Structures are given as C-alpha cells and as structure tokens.
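Student: I would like to learn how to read a protein model. Could you walk me through one, feature by feature?

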Amino acid sequence: MPEVASLPFGLTVILFLAAALVITAAGMRLTVCADEIAVRTGMGEALVGAVLVGASTSLPGSITSLVTAAQGHVGIATGNALGGIAAQTAFLGIADLIHRRVNLEHAAASLENLVQGTLLIALIAIPLSAANLPPVAFFGISPATVLLIVAYVFGLHLLRMAGAHPMWQPLRTSETQREDEKTPGRISGSMTKIWMIFGLLALVLAAMGYVVSQAGIAFVAQTGLSESAVGALLTAFATSMPELVIAIAAVRRGALNLAVGNIIGGNCFDVLFLAGADIVYRDGPLYATFSSADRFLASATMLMTATLLLGLLRRERKGFARIGFESTLVLAIYGFIILVMAA
C-alpha cells in the first residue's frame, strides 16, 4: 500500500475509519462463530472467549504493535497494547449497561474469569517492573519477554485446570448464567464451514491491523500528537472494536461468560503484544523505552482490572441506573486515562 504519511490528512482519517468499520463488521460475525464453536466442541464459553476469540480479535492490535515497533515507533506499539487493554476493560462497563436484568459482574461470575483477571494483573506487572529496572537483553530480547510468554502459557494451564477441577464456585442465583446455555440465533452448517468462516474473518482482522498501524504513524507525523497518545487513544480503540461488538452481541444473546471471558482473556493475550514488540524492536529492550505516560497507563489498567475483579467477587445485583458500582468506577478510571493521555 502507498505511504500513508504522504496522504492528505483527510484521506488518512477516512482510511483509519474504514479500517475500524471493517474490524467492527468482522467482529460481529466472529462472535456468532465463536459461540457455536464453544457449544459444539464442549470447550466452554469462558475458555473459548479467553483463547480462541481473545487471540483472533486481538489480531488487529497485535499487528499494529508489531509493525510499529519494527519501524521504530515504540510509543505507538506500547500505547496500543496497554491502551487496548484499558479500552476493552471499559467496554465491560458498556456491556453492563446493555444487560438490564442484573449487573453483569453478578451474572457472569465464574472461577475461570477470576483466574484470568488475576493472571492479567500479574502479566502487566512484568513489563512494568522491567521498565523500572536496568535494561538487560540477550540477543536484543529482554528476559521479561521470556517471562511474559512463560507466565501466559502457565496461566492458560491454570485456567484449564480451574475449569476441569474447580476448587471454588460462585454461589448460584436465579440471575447467574448456567454454563453454555443454548441461545437463539446460532449459525447452521458443518464445523468445517464454521472454522473456515472463523479463519477468514481472522485474516481480515489481521489485514486491517496493518492498515491501522500505518494510519497511526501518519497521525503522529500529521498532527504532532505523541506516539503514546496516538497508540493509547486512537489505534487502541480502533483495533479493540471487535471486543466491544462481541461483548454487546454476546450479552444480547445471553452468552455472558463469553462476553466477560473474551474481554479478560483478550486482555491477557494483548499483554503479549509487548513481548512481540520487544522481539522485533532491535535497538534494545522495549521496556527501557517506557515513558511516564506508559507507566501511568500500565498502572491505571491494573487498577481497572482489580476493580473488575472486585465486582466479580462482590457480585452486586443492582447498582445506580442498573449499572454496578465497579462498572461505574471502571468507566470513570478510563475517562481519567483519556484526559491524562490527551493532555
């Protein structure tokens, strides 16, 4: 594709918005495929949301971080990864507004979602710690990158074990979703057809991630905004649109565990954007380039996740205007992030 930075600003905006719309449309179809796969394979909505949907809907964001890091725009790469996690966590607050019967944290409380949330905080703590230590790298790769990958794989093992041999269960109420309840509107056809559709949609999401990455680089050159701000507020939001669409669609379909599991599981996968960006960035450890804005973003994202975990544990039935206190606080924290990053 032509050099996006050389295009007029108006065309760059159009290209960016078009990519965001394609990402949104592909995400809408992806959630239907994922819900069907969860039921037919017996994998469970929480696990499918964490691994299959989380990884595939994260493709636009991962491509954006990898491409921008390889091109030396580390601020966009870091801001996109951390900003995407913050935006997607805020999306659960929006989904809570959509689910009118009871607070989403109450209805979708599960051991798997609690495990994922705890894992997410631990994963974010690794690059944040590395950013505050002397830069160390072997063959240009930070030890924190290896630790991130190992911790993520081990976390998936814990998630699988938690589902297979639960040692703790949330109290079932009339508003708690039963695991993998049948919901209307599923797609028909063979599993081969469903997997082919799923794979095609994933490829579309990956391609749009590259378009967003180039538009983000162009925005930095054309507007004078910092790379961290562009990554955290623009590219992160655009590449996170599948998570918003999936969360809303899943809630409307009654697949509450898929909605929450996709967001938290996708966030865990998104931390690996930093690991991938560190590998392709050849001028030293990526974490050594963290700015004060990046550190703030990582800390605020951990706070949002901890607040969400509190909601899943406390399980308030109804809050102000039918949105839980924790969801309200999560949205407020994200609003503060926007103000700080845009300043």
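Below, we talk through confidence, helices, single residues and aromatic rings in turn.

Student: Where should I begin, and what is the mean pLDDT of the protein chain?

Tutor: Begin with confidence, as this is a predicted model. The mean pLDDT of the protein chain is 82, with 80% of its residues at 70 or more. Among the elements, helix H9 has the highest mean pLDDT, 92, and helix H5 (residues 104–107) the lowest, 60.

Student: Over which residues does pLDDT stay under 50?

Tutor: That is residues 179–185, for which the model has 14 contacts beyond four places in sequence. Where pLDDT is low, the predicted coordinates should not be read in detail.

Student: Now a helix, please. How far does helix H6 reach from its first C-alpha to its last?

Tutor: Helix H6 spans residues 111–131, and its 21 residues reach 31 Å, close to the 30 Å expected at 1.5 Å a residue. Helix H6 is also mostly covered, with 15 of its 21 residues buried.

Student: Let me try a single residue. Is serine 240 buried or exposed?

Tutor: Serine 240 counts as buried because its relative accessibility is 1%, and the cut-off for buried is under 20%. Along the chain, serine 240 is in the loop between helix H9 (227–239) and helix H10 (241–253).

Student: What does the side chain of serine 240 make a polar contact with?

Tutor: Its partner is the side chain of glutamine 88, at 2.8 Å. Leaving out residues up to four places away in sequence, serine 240 touches Gly84, Ala87, Gln88 and Phe91.

Student: And where is the place of valine 280?

Tutor: Valine 280 is in helix H11 (residues 256–280). With 31% relative accessibility, valine 280 counts as partly exposed. Sequence distance and distance in space are worth reading side by side here: valine 280 and alanine 69 are 211 residues apart along the chain, and their C-alpha atoms are separated by 6.6 Å. Apart from residues up to four places away in sequence, valine 280 touches Leu66, Ala69 and Ala70.

Student: Which loop holds phenylalanine 139?

Tutor: Phenylalanine 139 is in the loop between H6 and helix H7 (143–164). Look at its backbone too: phenylalanine 139 has a positive phi of about 55 degrees, although it is not a glycine. This residue counts as exposed because its relative accessibility is 80%, and the cut-off for exposed is over 50%.

Student: Last topic: how many aromatic pairs does the structure hold?

Tutor: A pair of aromatic rings is described by the distance of the centres and the angle of the planes. The structure holds 8 aromatic pairs. One of them joins tryptophan 195 and phenylalanine 198, an edge-to-face pair at 6.1 Å centre to centre with 70 degrees between the planes. Both residues lie in helix H8 (residues 191–223), 3 residues apart, about one turn of the helix. Tryptophan 195 is partly exposed at 38% relative accessible area, whereas phenylalanine 198 is buried at 5%.

Another pair is formed by phenylalanine 269 and phenylalanine 273, edge-to-face, with 6.4 Å between centres and 90 degrees between the planes. These two lie in helix H11, 4 residues apart, about one turn of the helix. Phenylalanine 273 is buried, with a relative accessible area of 6%.

Student: Which residues do ring pairs link into a cluster?

Tutor: Ring pairs link Phe9, Phe16 and Phe219 in that way.

Definitions and conventions
Residues numbered from 1 in each chain as written. Heavy atoms only, no water. Buried < 20%, exposed > 50% of the residue type's maximum accessible area, 1.4 Å probe, protein only. Polar contact = N/O pair within 3.5 Å; in protein donor to acceptor, adjacent residues only side chain to side chain. Contact = heavy atoms within 4.5 Å. Expected span 1.5 Å × (residues − 1). pLDDT = per-residue confidence, 0-100. Phe/Tyr/Trp six-rings, centres within 6.5 Å; stacked < 30°, edge-to-face > 60°.
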